[in-house]
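Welcome, and thanks for taking a look at this one with me. Here are a few notes to help you find your way around.

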Amino acid sequence: MSKVLVCDPVDQAGIEILSQVAQVDVNTGLPPAELIRIIPEYDAMMIRSETRVTKEIIEAATQLKIIGRAGVGVDNVDVPAATRKGIVVVNSPEGNTIAAAEHALAMMLSLSRYIPEANQSVKNSQWNRKEYIGAEVYKKTLGVVGLGKIGSHVATVAKALGMKILAYDPFISAERAEQLGCKLVDLDWLFREADYITLHIPKTPETANLINAEALAKMKPTVRIVNCARGGIIDEDALAEAVKAGKIGGAALDVFAKEPLGESNLRALGKEVILTPHLGASTAEAQVNVAIDVAEQIRDVLLGLPARSAVNIPGLYPDALEKLKPYLQLAETIGNMVGQLAGGRIDYLNIRLQGDLAEIDGKPILIASLKGLLSQALRERVNYVNASIEAKERGIHVVETRDATMRDYSGSLHLLAKGSLGEHSVTGALLGDQEIRITSIDDFPVNVAPTQHMLFTLHRDMPGIIGKIGSLLGSFNVNIASMQVGRKIVRGDAVMVISLDDPLPEGILNEITKVPGITNAYTVSL
Ligand SMILES: NC(=O)c1ccc[n+]([C@@H]2O[C@H](COP(=O)([O-])OP(=O)(O)OC[C@H]3O[C@@H](n4cnc5c(N)ncnc54)[C@H](O)[C@@H]3O)[C@@H](O)[C@H]2O)c1
Ligand SMILES: O=C(O)CC[C@@H](O)C(=O)O
């Protein structure tokens with residue numbers, strides 16, 4: 001039975017899903033050395049934001065297949081190290097969107113009305129109404145940095161509060177911003193004009209310290225800044241300095257460069273600053289959502305099914321994935337076949353998406369083809385996560401082409417590989433959207449279902465040749481399940497595809513190539 005290690009507190013709903021397929025060990029707050037010691041036992045890990053899955057932990061893992069992050073940000077996982085090792089990293093991209101957006105909005109309103117400190121003062125037996133004269137957000141300008149899932153929801157709600165919204169997001173179109181009632185502007189404009197700034201971007205090399213002393217100097221002296229995205233996007237010392245010097249109006253932070261927050265100048269500041277301990281996703285609803293979302297993906301991967309929100313393989317929505325699944329199997333199967341026909345050392349692969357397939361996102365099919373191509377060499381070490389990297393490292397030149405006019409089947413896939421056994425191609429299609437059919441080998445038309453053990457011959461189409469091969473196989477006690485010949489012209493070159501009940505015993509291939517008229521013979525095992 002598979003084993004899953006749950007390293008951070010996650011909702012019971014997730015544990016129950018995992019328990020359907022695995023032994024689940026909940027062991028939170030483990031020090032890194034202990035994680036390194038026990039990780040070889042586990043097939044899957046489930047984390048929130050506390051556990052850091054470092055390169056050292058990933059390197060120590062010998063059977064880990066998946067790391068599930070019950071939340072959005074995967075910056076606490078060394079994703080490149082996981083990818084290199086073929087470990088899928090999944091997250092829950094939408095499970096806590098509303099929770100994080102509402103926390104940002106709550107922070108903005110709390111900042112405006114000094115609610116945390118006013119509350120504390122009443123609890124301390126004071127009644128000081130003059131101290132807490134706030135500001136309205138109505139008709140004020142909110143600058144949203146990052147107009148993704150959370151930023152969009154914040155913008156929509158803030159619009160309903162009567163705010164004017166400016167947005168900065170270099171990856172979003174002006175039309176999308178307009179649909180959300182936002183004006184897309186550059187960052188300097190947003191810094192200059194905003195009364196409130198809310199951050200909803202990932203932490204990347206480009207966004208680290210985005211709000212530094214220089215940026216703060218461009219802002220209104222009354223501006224209030226909210227960060228419920230990631231620590232490290234704001235230079236905390238520069239921010240504390242700016243608040244202290246009255247250069248900005250205040251700030252509300254849920255996330256910090258180092259968590260838990262240690263010694264910090266921010267702690268000494270007054271009612272203008274609100275600090276929460278990374279609570280953006282901490283609602284009952286969000287915790288159930290993310291736990292279920294990630295546990296289901298871990299369960300699926302442990303059962304050999306694809307994950308719907310993997311961050312290191314092409315992300316596909318479940319319905320798209322459902323539609324593509326048979327094509328991924330087709331791609332993997334013919335990738336495997338062409339890899340064996342062209343020989344061990346492949347240096348070129350052309351992937352041609354034909355007919356209806358030419359209209360879709362080809363990336364998953366390309367990856368599945370590479371996985372199949374490399375599967376003889378790498379066996380279970382190659383998967384959807386590392387297939388592209390492995391192909392690149394092996395110097396395989398991969399070319400993707402499309403031909404929408406090729407309509408012999410509604411959609412078909414043609415792979416051509418060049419390797420140590422020469423150049424070979426296989427075309428495959430789906431029958432009734434499910435069953436795989438090989439429709440050509442080296443451009444000779446055939447119509448066969450792939451089977452576990454197959455023999456291919458290239459030969460001269462002439463009387464008696466099929467009989468000779470049949471007798472030869474019979475003399476070695478090899479049973480033929482089915483056989484088909486594909487040819488372009490009568491008595492010209494042809495290909496024979498033979499499905500065998502058993503693997504071809506050693507040495508027979510050599511005997512087959514000695515039969516007059518046979519130019520070459522290959523075996524393929526799937
Ligand atoms: N505080 C919490 O508990 C909590 C909870 C959930 C999410 N988050 C964090 O909130 C952030 C946003 O999450 P999301 O789900 O909206 O992500 P998202 O991917 O939907 O949106 C992020 C947006 O940022 C934009 N972006 C990327 N680089 C940018 C740059 N250099 N400048 C401006 N925009 C840039 C992207 O185009 C995208 O639209 C993430 O950092 C996530 O980890 C925090
Ligand atoms: O696990 C958490 O509570 C934080 C989650 C949040 O930071 C996220 O990126 O989804």
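The points below go through a sheet, the helices on it, a ligand site and an annotated domain.

1. Please keep in mind that this is a predicted model. A good place to begin is the open sheet, whose five strands pair in parallel in the order β2-β1-β3-β4-β5. Its edges are β2 (22–26) and β5 (88–90), each of which pairs on one side only. On average, neighbouring strands are turned by 15° against each other, ignoring direction.

2. For a closer view of one pairing, go to β4, residues 66–69, which runs parallel to β5 and is joined to it by three bridges. One residue to pick out is Gly68, whose bridge partner in β5 is Val90.

3. Two helices are worth finding next. Helix α1 (residues 12–19) packs on the sheet and touches β1 (2–6), β2 and β3 (44–47), with its direction at about 145° to that of β2. Helix α12, residues 284–302, lies across β1, β2, β3, β4 and β5 and runs at about 175° to β3.

4. Which residues surround ligand 2? Among them are Arg48, Ser49, Arg69, Asn96, Arg230 and His278. Polar side-chain atoms come to 2.6 Å from a ligand oxygen atom in the case of Arg230 and also 2.6 Å in the case of His278, while for Arg69 the distance is 3.2 Å. The protein buries 93% of the 300 Å² that ligand 2 exposes when taken alone.

5. Finally, an unreviewed UniProt entry lists residues 454–526 as "domain: ACT". In the model, this stretch is 23% helix and 42% strand, and its end C-alpha atoms are 8 Å apart.

Notes:
Residues are numbered from 1 along each chain as its sequence is written. Chains are lettered from A and ligands numbered from 1 in the order in which they are written. This is a predicted model: local features need pLDDT of at least 70, side-chain atom pairs count only at pLDDT 80 or more; totals for chains, interfaces and linings use all residues. Side-chain values use heavy atoms; hydrogens and water are left out. Two strands pair if DSSP finds at least two bridges between them. Helices (H or I, at least four residues) and strands (E, at least two) are DSSP runs, numbered from the N terminus. Axes are lines fitted to C-alpha atoms, for helices over the stretch in contact, and angles run from 0 to 180 degrees between N-to-C directions. Contact means heavy atoms within 4.5 Å. UniProt positions are given in the numbering used here, feature names are shortened, and annotations may be inferred rather than shown by experiment. A residue is near a molecule or strand if one of its heavy atoms lies within 4 Å of it. A polar contact is a pair of N or O atoms within 3.5 Å; within protein, one must be able to donate a hydrogen and the other to accept it, and residues adjacent in sequence count only if both atoms are side-chain atoms. Accessible areas come from the Shrake-Rupley method with a 1.4 Å probe; for residues, only the protein chains shown count as cover.
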